[in-house]
Amino acid sequence: MPSVIAVDLGATSGRVVLTTVGDRLSLTEVHRFPTAARRSDDGLRLDVEALFAEVQTGIGMAMAAADGDVAAVGIDSWAVDYGLLAGGRLLDLPYNYRDERTAAGRAAIEKQIGHAELYARTGLQDLPINTINQLGHDLLTGRLSGAEHLLLLPDLLGYWLTGRVVAERTNASTTGLLDPRTGQWDWDLVDRIGLPRRILPEVVEPGTVVGPITTGPAAGIPLVAVGSHDTASAVVGAPLAEDDVFISSGTWSLVGMELDSPLLDEASRLANFTNEGGVDGTTRYLKNVMGLWILSEAVRGWEAAGLRAAVPDLVARAREITGVPTFDATHPSLIAPGDMPSRVKALAGGDERLDDPAFFTRAVLESLAIAYRDTIDELAALTGRRPRRVVIVGGGSANSLLNQLTADVTRLPVVAGPVEATAIGNSLVAARAVGLVHGSLSDLRRIVSMSTDLRHHSPALDRPTTELEAIVALSNEFGANPAFTR
Ligand code: LFR
């Protein structure tokens, strides 16, 4: 049985995974490497040439592990970041979305088009990181004048592998320039903000064979444009059933539901939900919650200051802690790198106990669970659906304390796993494109469920904070009175 190679770039590390696809999946991680952005005098930048070299190394290792029997390669990464090409070469190193330049960029875009209109056209939540806000800064500095093509990261790596310039649709949907109804660039908007049309490539559907790889160890093997936004692949790899909420949990927590079409109304905009393009024409209707970045960035700071603070130890100690203050885990002040504890303290009323890393950890996890609950409540109101379960996938789904807190606070059953949902979703779409598997998203998800051990967390009934919550908890548990369920 031939295999496929999934390249999955996350905010801290990249992975190359060899996947054998049959009735069950078997995944082997053959290579892992750091991907973090680097701070320079020129801002927060991504060394994409070094990343490409690591990708080729990993592909070589996967080819060797599979004895060359590989049917396709797929690449996904985080969204919104892009490289600019001129004469086939990078103009400069791409910026990372956490660079503070987006504040000026967003203000520049806002002058051209107000958010109400922008949302009605593109359906993206108002986040400084969106590509359109990064481009706002490029327009201010003239960076685009020499650019011939704008390529989002997976498309950039794909270009270096195949020589073909495309924009895969799921990732293009995070730019703030795509019409979510048609899946094509909104050319009026592009003109209006003064972006040169020439830089935006042809949009292709996830599942398109981009072309044969022309260079390196996988030469001759087809590159498939998978759901190249990592969250699109993660949601393909999530064992979802009707009315389930997904949480793609990692650096960010993406909390949402899969819908047939976008929701672009004013209520949706005011609740700051986003409509990202999914595989097979679906819409990922979700909100970005800040995620485990809050903790990892704090740990980075503590370690730099010489404090030993490993996340597993902190989480183990956090299990025993109660009575923590909570804060808004969707707050944009938490996006930029830097001193995380003092920003959290500012949001949590200045509580000095947050200086203790284990106490801080507990506060982060409880605040994430509360943000999940609030988002799920909004989802129910905005979609008219009644969320049944919460399916948590990605690296964060291994955090059983966070899973349990999520069940307790949302009062919904939680299904956790798979951890490798992104590589799985990537592999399945690549495998389907070359005929190794067939069927709809439900068929693909059946393969996921059969291939992974999922963990189940029931909401605890012993910690209701008010009498009413106790009733809601009970009615949820027994499905007694729908009027009480969320
Ligand atoms: C997750 C993710 C999110 C996106 C953020 C920035 O890795 O792709 O979906 O909002 O990173 O790209």
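Trainee: A residue is near a molecule if its C-beta atom, placed from the backbone, lies within 6 Å of it. On that basis, how many residues surround the ligand?

Mentor: In this predicted model, 14 residues surround the ligand, and the closest are Trp78, Ala79, Val80, Thr231 and Trp252.

Trainee: What is the make-up of that shell by class?

Mentor: Eight residues of the shell around the ligand are nonpolar, five are polar and one is charged.

Trainee: Moving on to the interior, how many residues does the largest nonpolar core have?

Mentor: The largest nonpolar core has 134 residues, and those with the most contacts inside it are Ile5, Val73, Ile294 and Ala430. Helix 13 gives the most to this core, with eleven residues.

Trainee: What is Val73 in contact with, leaving aside its neighbours within four places in sequence?

Mentor: Beyond those neighbours, Val73 is in contact with Ile5, Val7, Ile59, Ile213, Ala218, Ile221, Leu223 and Ala430. Two of the residues in that list, Ile5 and Ala430, are also named with Val73 among those with the most contacts inside the core.

Trainee: And Ile294, does that belong to some helix packing? Which residues make the contact of helix 10 with helix 12?

Mentor: The geometry comes before the residues. Helix 10 (residues 293-304) and helix 12 (residues 340-347) pack with their axes 8 Å apart, at an angle of about 130°. Helix 10 is therefore oblique to helix 12, since the angle lies outside the ranges counted as roughly parallel, antiparallel or perpendicular. Helix 10 contributes Ile294, Glu297, Ala298 and Gly301 to the contact, and helix 12 contributes Met340, Pro341 and Val344. By class, these residues divide into five nonpolar, one polar and one charged.

Trainee: Is Val344 buried or exposed?

Mentor: Val344, in helix 12, is buried, because 25 other C-beta atoms lie within 10 Å and 20 or more are enough. Apart from its neighbours within four places in sequence, Val344 is in contact with Ile294, Phe327, Leu354 and Phe360. As for Arg284, Val344 is 60 residues from it in sequence and 29 Å from it in space, C-alpha to C-alpha.

Trainee: Next topic: helix 14. Why is it described as largely enclosed by the rest of the structure?

Mentor: Helix 14 (residues 400-410) is largely enclosed because eight of its eleven residues are buried. They are Leu402, Asn403, Leu405, Thr406, Ala407, Asp408, Val409 and Thr410.

Trainee: What do they pack against?

Mentor: The buried residues of helix 14 pack against helix 13, strand 20, strand 21 (414-416) and strand 22 (455-457). Helix 14 is followed by Arg411, which has a positive phi, near 60°.

Trainee: Which other residues have a positive phi?

Mentor: Asp67 is one of them, with phi near 55° although it is a residue other than glycine. Asp67 is found in the loop between helix 1 and strand 6 (70-77), and it is exposed, because 8 other C-beta atoms lie within 10 Å and 12 or fewer count as exposed. Asp243 is another, with phi of about 65°, in the loop between helix 8 (230-236) and strand 16 (245-249). Asp243 is partly exposed, with 13 other C-beta atoms within 10 Å.

Trainee: What does Arg385 contact, leaving aside its neighbours within four places in sequence?

Mentor: Asp243, Met257 and Ala380 are the contacts of Arg385 outside those neighbours. Arg385 is placed in the loop between helix 13 (357-383) and strand 20 (390-393), and it counts as partly exposed because it has 15 C-beta neighbours inside 10 Å. The C-alpha atoms of Arg385 and Leu347 are 32 Å apart, with the two residues 38 places apart along the chain.

Trainee: One last point: which peptide bond is cis?

Mentor: The peptide bond that joins Gly417 and Pro418 is cis, with omega about 0°. Pro418 lies in the loop between strand 21 and helix 15 (421-433).

Notes:
Residues numbered from 1 in each chain as written. Predicted model: local features only at pLDDT ≥ 70, side-chain atom pairs only at ≥ 80, totals over all residues. Helix = DSSP H or I, 4+ residues; strand = E, 2+ residues; numbered from the N terminus. Contact = placed C-beta atoms within 7 Å. Nonpolar A, V, L, I, M, F, W, Y, C, P; charged D, E, K, R; others polar. Core = buried A, V, L, I, M, F, W, Y, C linked by C-beta atoms within 7 Å. Axes fitted to C-alpha atoms, helices over the stretch in contact; angles between N-to-C directions. Parallel < 35°, antiparallel > 145°, perpendicular 65-115°, else oblique.
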